[in-house]
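Hi,

Here is the structure I promised to pass on. Have a look at it first, and then read on for what turned up.

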Amino acid sequence: MKPVTLFTLNALRAATLISGLMLGMANSEAAAQAGASRLWTNQDGRSVTAELVEVSGPNVVLKLSNGVQSAVPVSNLSRPDQDFIRNWQSRPSETPASMSLVWPAGVVTVDPKSIAVTVGKEDPAARQFHYQSGTFEFITTAPLAGSVMSEVASDFELIKTAFSKLPWAWEPRPKEGKLFQIYLTETEDDYIAMGGDDRSSAMSKNDKTFIKFKALGLKKVGARYQYDSRQKEPGRVAGVTTRVMYWDVRGRMSPWTANGLESFMRHLAYQSNGTIQFTALESTLKKEIKEQMGYGVDLSVRRMLTYMHDTWDNRDNSNVVKKLLERKLDAILLTYYFGYLDGDGTGAGLHRYFSKVFKQDKASSAALSKQLMEELIAGRSDDQIGQDMVTKFEAIGIKLSP
């Protein structure tokens, strides 16, 4: 299968193609305002006018005048274009101090048709098939069609795109290599053999993720697998992708913020229609609370405050199901409080916290994790925070118990 390129997509066939035009002056162009349209030329000399949206792994995302976005392998572009991209990447980046520390409005979505998936090594005897999108390398135990892989990859790329919208100036990077590795397993035995936990259908370990075909909405029809969005586990990809992306800076976080970010993305931000949104999440929160309370989990302020002070050295490592459910709900409620109810309700304190967590020039340490948590708490006592939580949650119809 050949890599999907910008110049073979139907959306571009309607665009004006100019052959043989050579482009130059990449350095001066890159200094221009980001987002301006320019002419792009591929290795065959065909050109199109588009706006550079982002560089993601080996691909560049271009936006046409009609709004269609497409991922193109950088290696398929002309040398001047590649020079332009390198200079564009080295431009001064926007810092958290110059950004509004608020949740982005609107809905984040990724069109599967915009995902360029390339086929890598295929070893049928070993049951290993490699595919790459802009940010991820997928290693599967059964071959998948290109259109199916684009559907699968779009949910993963959705999370990467969603984080780029947040005011954290965060560019998730794998601990090793250029791409995050995702292992997709056809059978239960494959999942366990690769390191998966038999109590779940997906998990992340270090900087790798393991997930079962069925959790992705893949079902076998005849000899091949097809994608059915109705069959996938809602939010499952959002959770494990979030975890694998923050793994290299996990030591800077507190246990509840790590758990909270993963659970927030999976259970609140991810919507059932396959989109992400960061505003108007109150009804989604109440739905999640109701579901957890159905498992016998109560809304305890004291328990939440205790969890808020946990460190990686003294955290509760119990794997009892009820304990796991309590920690997940506590993490979601703490994240919602600091993100939507604390202070002026903009979440500025939480945004500032994550901006510092994800700052690339900082090393992970227990001291830094403690410092960042103290900044978020801002000198308040547990009694002050607890009372504020009770008052703020009650104002939106959620009653917490002592």
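On α8, the exposed residues S283, K287 and K290 sit on the face turned away from the helix's buried side. Before going further, please keep in mind that this is a predicted model. The buried residues of α8 are T284, L285, E288, I289 and Q292. They lie on the same side of α8, because the arc they cover around the axis is only 140°. The general rule behind such a pattern is that an α-helix has 3.6 residues a turn, so residues three or four places apart point the same way.

What do the buried residues of α8 pack against? Their partners are α7 (255-269), α10 (321-341) and α13 (382-395). The length of α8 also checks out: its twelve residues, 282-293, should span 16 Å at 1.5 Å a residue, and the end C-alpha atoms are 17 Å apart, which agrees.

Next, the nonpolar cores. The largest has 88 residues, and M265, I276, F278 and F393 are those with the most contacts inside it. Helix α10 gives the largest share of this core, eleven residues. Apart from this core lies another of 14 residues, with V48, A50, L64 and V72 among them. If you would like one residue to click on, try F278: beyond its neighbours within four places in sequence, F278 is in contact with W103, P104, V108, A162, L166, F264, M265, A269 and Y340.

You may also like the second largest pocket, which holds about 1,700 Å³ of space. It is lined by 46 residues, of which R243, N259, E262, R266 and K328 are the closest to its centre. Which elements give two or more residues to this lining? They are β10, α6 (236-246), α7, α8 and α10. The largest share, seven residues, comes from α7. So two of the partners named earlier turn up again here, as α7 and α10 pack against the buried residues of α8 and also contribute to the lining of this pocket.

Last, a look at a loop. D198 is found between α5 (188-193) and β10 (202-205). Is D198 buried or exposed? With a relative accessible area of 55%, D198 is exposed, because the cut-off for that is over 50%. D198 still touches E188 and I192, leaving out residues up to four places away in sequence. E188 is ten residues from D198 along the chain, and their C-alpha atoms are separated by 8.0 Å.

Happy browsing, and best wishes

Methods. Residues numbered from 1 in each chain as written. Predicted model: local features only at pLDDT ≥ 70, side-chain atom pairs only at ≥ 80, totals over all residues. Heavy atoms only, no water. Helix = DSSP H or I, 4+ residues; strand = E, 2+ residues; numbered from the N terminus. Buried < 20%, exposed > 50% of the residue type's maximum accessible area, 1.4 Å probe, protein only. Contact = heavy atoms within 4.5 Å. Expected span 1.5 Å × (residues − 1). Arc of directions from axis to C-beta. Core = buried A, V, L, I, M, F, W, Y, C linked by side-chain atoms within 4.5 Å. 1 Å grid on protein atoms, 1.4 Å probe; cavity = no way out; pocket = protein on both sides within 12 Å on 5 of 7 lines; lining within 4 Å. Points joined across faces, edges and corners; volume = space filled by probe spheres on them.
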